[in-house]
Amino acid sequence: RGMSLTHLADWGGTFLRTTLSASNYSNRAETNEELHYDKDIYASNMVSQSSREVVTNDIKDISLQSRLELTGNRYVLKTGVEGSVYKFNPGRVRTQMSDSVVNHVDSVTGYGGSPYSSEISAYLSGEFQFFSRFRAEMGLRSTAYMRSDTSYFRFEPRLAVRYIITP
């Protein structure tokens, strides 16, 4: 499940696109079981036992992206920022068991918290047409990922060159 909201502004060669989105990826599996058996093979003491197990996990996120694009006669400049916050539920198992002898068990096991993480990135790139058959695109992207007391940072330079052999 998810939803997004996008706004696009156009100023004749300059575009600004901003998107806010949220999603919830979830998984649930459930089993039910009924057993009937004789407690004592020499006496007719029927015992009924039932069990139910539910396994759940999910990832929730909310993201904001904004991109600015400026188009000229022989160039395109792009810049933008993106940010996301994630909430994880790596898995929980709920087990319920009962029998006709008045025993009942209801327990929950699994990860005890819901860890959060966040990610933010920014980029700047430009595509330039030097000659009718020769183009180059260059840029830089920076990304940071943070979770609890751990952070990761990365700078990613980008370079692409295009030459059209036949017109």
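# Group meeting talk: an eight-strand chain

Leaving out neighbours up to four places away in sequence, Leu-8 is in contact with Leu-16 and Arg-17. I start there, and then I will work along the chain. Please keep in mind that this is a predicted model.

Leu-8 is found in strand S1, which covers residues 2-10. Is Leu-8 buried or exposed? Its relative accessibility is 52%, so Leu-8 counts as exposed. The cut-off for exposed is over 50%. There is also a distance to look at: Leu-8 and Leu-68 are 60 residues apart in sequence, and their C-alpha atoms are 10.0 Å apart in space.

Now the whole chain. How many helices and how many strands does the protein chain have? There are zero helices and eight strands. Read from the N terminus, the order of elements is therefore β-β-β-β-β-β-β-β. Of the 167 residues, 17% are buried. The chain exposes about 12,200 Å², and carbon and sulfur atoms supply 57% of that area. As for contacts with a separation of 6 or more, 54% come from residues 24 or more positions apart.

Next, the pairing of strands, beginning with S4. Strand S4 takes in residues 75-99, and 13 bridges join it to S6 in the antiparallel sense. In that pairing, Lys-87 stands opposite Tyr-116 of S6. S4 also pairs with strand S5, residues 104-110, again antiparallel, over seven bridges. One pair to find on the screen is Gln-96 with its bridge partner in S5, Asp-106.

Tyr-116 deserves a second look. It sits in strand S6, which spans residues 116-131. Which residues make a nonpolar surface patch with Tyr-116? They are Leu-5, Leu-20, Ile-62, Leu-64 and Val-85, and the patch comes to about 590 Å².

From S6 we move on to S7. The two strands run antiparallel, with 14 bridges between them. They form a hairpin, and two residues lie between S6 and S7. Gln-129 has Arg-135 in S7 as its bridge partner. S7 then pairs with strand S8, residues 150-163, antiparallel and over 14 bridges. This is a hairpin too, with two residues between S7 and S8, and Ser-148 in the turn has a positive phi of about 50 degrees. Arg-135 appears here as well: its bridge partner in S8 is Arg-162.

A general remark on strands: in a regular one, the side chains alternate between the two faces of the sheet.

Two buried residues from this part of the chain. The first is Glu-127, in strand S6. Why does Glu-127 count as buried? Its relative accessible area is 18%, and buried means under 20%. The side chains of Glu-127 and Arg-135 are joined by a polar contact of 3.2 Å. Apart from neighbours within four places in sequence, Glu-127 is in contact with Arg-74, Tyr-75, Val-76, Arg-135, Ala-136, Glu-137 and Arg-162.

The second is Thr-143, in strand S7, residues 134-147. Thr-143 is buried, with a relative accessible area of 14%. Beyond four places away in sequence, Thr-143 touches residues including Ile-120, Tyr-152, Phe-153 and Glu-156.

Last topic: charges. Side chains of opposite charge can pair when their charged atoms come close. How many salt bridges does a search of the whole structure find? The search finds eight. One of them joins Glu-30 and Arg-52, with the closest N and O atoms 3.0 Å apart. Glu-30 is in strand S2, residues 14-38, and Arg-52 is in strand S3, residues 46-71, so this pair ties together parts that are 22 residues apart in sequence. Glu-30 is partly exposed, at 36% relative accessible area, and Arg-52 is partly exposed too, at 28%.

Arg-67 and Glu-69 form another salt bridge, with 3.2 Å between the closest N and O atoms. Arg-67 is partly exposed at 32%.

Glu-156, which Thr-143 touches, meets Arg-158 in a salt bridge of 2.8 Å, N to O. Both are partly exposed, Glu-156 at 24% and Arg-158 at 45%. Elsewhere, salt bridges with shared partners join Glu-127, Arg-135, Glu-137 and Arg-162 into one network. Recall that Glu-127 is in contact with Arg-135, Glu-137 and Arg-162, and that Arg-135 and Arg-162 are bridge partners across S7 and S8.

That is the end of the talk.

Terms used. Residues numbered from 1 in each chain as written. Predicted model: local features only at pLDDT ≥ 70, side-chain atom pairs only at ≥ 80, totals over all residues. Heavy atoms only, no water. Helix = DSSP H or I, 4+ residues; strand = E, 2+ residues; numbered from the N terminus. Buried < 20%, exposed > 50% of the residue type's maximum accessible area, 1.4 Å probe, protein only. Contact = heavy atoms within 4.5 Å. Areas by Shrake-Rupley, 256 points an atom, 1.4 Å probe, with all protein chains shown as cover. Patch = residues over 30% accessible without salt bridge, like charges linked within 9 Å, V, L, I, M, F, W, Y side chains within 5 Å. Salt bridge = Lys/Arg side-chain N within 4 Å of Asp/Glu carboxyl O. Polar contact = N/O pair within 3.5 Å; in protein donor to acceptor, adjacent residues only side chain to side chain. Pairing = 2+ DSSP bridges.
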